[in-house]
Amino acid sequence: LQNFKISGPLSGKKLIVSAGPTYEAIDPVRFIGNHSSGKMGYAIAEEALKNGAEVILVSGPVHIKPPIGVQLIKVTSAVEMYDAVHSYIGDMDIAVMSAAVADYRPSAPADEKIKKKGDSIQFEMVPNPDILKSIGLNKKPNQFIVGFALETENELENAKSKLIKKNLDLIVLNSLKDKGAGFGGDTNQVKLIEPNNKVTSIQLKSKQEIAADIISKIIELID
Ligand code: CTP
Ligand code: CA
């Protein structure tokens with residue numbers, strides 16, 4: 001089974017997916033994280049495999065199993081995710097960055113567990129590298145780069161500006177205002193926005209079905 005290759009519209013294509021949250025260390029036992037479950041990214045990896053792609057899944061800490069057949073690269077922090085994605089991107093035809101990457105990290109994580117003391121505590125935070133933006137801006141001629149946008153206001157406008165600023169070929173807009181959408185759940189409701197401003201609305205359905213729609217859109221746009 002291990003060496004069994006599915007043939008499909010993505011046969012011969014290499015696709016990298018980022019998924020899940022990142023954890024940013026405060027000290028050896030604590031971190032700043034987020035509620036990303038990784039379900040959307042893992043579903044995209046599975047649908048890409050089903051369509052014949054060779055798939056690398058770069059994943060932050062999650063509690064779900066990787067689809068059989070992916071090459072799983074486990075990471076913890078945004079900087080580790082950045083390094084992992086960059087070590088493979090040169091070889092990739094398609095990248096789908098669905099991870100919920102922390103925008104900032106503590107500037108100097110403590111070497112020892114921080115002891116309780118005083119009435120308040122402060123941490124200085126520094127910006128993490130933007131993985132998606134770095135691969136978009138350094139995109140090779142035939143690479144197809146997909147990003148996600150999580151917005152709570154001016155959704156379409158903000159997502160379109162991310163598409164342009166990060167030099168993407170497609171952006172998936174996730175609106176937290178929509179019922180049944182977003183973190184943790186098994187369903188989602190998204191809009192797919194193309195550089196020509198074409199918007200495809202996908203109504204509430206399972207993350208697996210949404211992933212299939214995203215992969216279909218990628219297949220439609222790459223050929
Ligand atoms: N992303 C990334 N690396 C980061 C931050 C974000 O690769 N350091 C990617 C995410 O995986 C997602 C996209 O960028 O595909 C958009 O993430 P989002 O948080 O919506 O946008 P930001 O550009 O971080 O802007 P903001 O959080 O201010 O809305
Ligand atoms: Ca962000």
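Two residues are taken to be in contact if their C-beta atoms, placed from the backbone, lie within 7 Å. By that criterion, and not counting residues up to four places away in sequence, Ile-171 in this predicted model touches Gly-147, Phe-148, Ala-149, Ala-159, Lys-162, Leu-163 and Ile-193.

**Overall fold and core**

The protein chain contains 5 helices and 12 strands, and its C-alpha trace spans about 60 × 45 × 35 Å along the principal axes. A compact globule of 223 residues would have a radius of gyration near 17 Å, and the 18 Å of the protein chain agrees with this. Of the 223 residues, 37% count as buried. Among contacts between residues at least 6 apart in sequence, 61% join residues at least 24 apart.

In soluble globular proteins, nonpolar side chains tend to be buried together. Here the largest nonpolar core has 54 residues, and those with the most contacts inside it are Ile-44, Val-55 and Ile-171. Helix H1, which covers residues 39-50, gives the most to this core, with 7 residues. Ile-171 itself belongs to strand S10 (170-175), and its contacts include Gly-147 and Phe-148, two residues that are also among the closest to ligand 1.

**The surroundings of ligand 1**

Ligand 1 is surrounded by 16 residues, of which the closest are Val-101, Ile-131, Leu-132, Gly-147 and Phe-148. Two elements, helix H3 (131-137) and strand S9 (144-151), give two or more residues each to this shell, and the largest share, 4 residues, comes from S9. Sorted by class, the shell has 9 nonpolar, 4 polar and 3 charged residues.

**Positions annotated in UniProt**

An unreviewed UniProt entry lists Asp-103, Lys-113, Pro-129, Asp-130, Ile-131, Leu-132, Phe-148, Lys-162 and Lys-166 under "binding site". These positions span 64 residues in sequence, and their farthest two C-alpha atoms are 37.9 Å apart, so they do not all gather at one spot. Among the listed positions, Ile-131, Leu-132 and Phe-148 also appear with the closest residues to ligand 1.

Two of the annotated residues lie in loops. Asp-103 is found between strand S6 (94-97) and strand S7 (104-106), and, leaving aside its neighbours within four places in sequence, Asp-103 is in contact with Pro-127 and Asn-128. Lys-113 lies in the loop between S7 and strand S8 (125-127), where, with sequence neighbours within four places again left aside, Lys-113 is in contact with Asp-27, Pro-28 and Val-29.

**Two asparagines with positive phi**

Most residues other than glycine have a negative phi. In this model Asn-167 has a phi near 55 degrees, and Asn-197 has a phi near 75 degrees. Asn-167 sits in the loop between helix H4 (155-165) and strand S10, whereas Asn-197 lies in the loop between strand S11 (187-193) and strand S12 (199-206).

The table sets out the exposure of the loop residues discussed above.

| Residue | Other C-beta atoms within 10 Å | Exposure class |
|---|---|---|
| Asp-103 | 12 C-beta atoms | exposed |
| Lys-113 | 11 C-beta atoms | exposed |
| Asn-167 | 16 C-beta atoms | partly exposed |
| Asn-197 | 9 C-beta atoms | exposed |

A residue counts as exposed if 12 or fewer other C-beta atoms lie within 10 Å of its own, and Asp-103, with 12 such atoms, is therefore classed as exposed. Asn-167, with 16, is partly exposed.

Note on methods. Residues numbered from 1 in each chain as written. Chains lettered and ligands numbered in written order. Predicted model: local features only at pLDDT ≥ 70, side-chain atom pairs only at ≥ 80, totals over all residues. Near = placed C-beta within 6 Å. Nonpolar A, V, L, I, M, F, W, Y, C, P; charged D, E, K, R; others polar. Rg over C-alpha atoms; globule rule 2.2 N^0.38 Å. Buried ≥ 20, exposed ≤ 12 C-beta atoms within 10 Å, placed from the backbone. Core = buried A, V, L, I, M, F, W, Y, C linked by C-beta atoms within 7 Å. UniProt positions renumbered as here; feature names shortened; annotations may be inferred.
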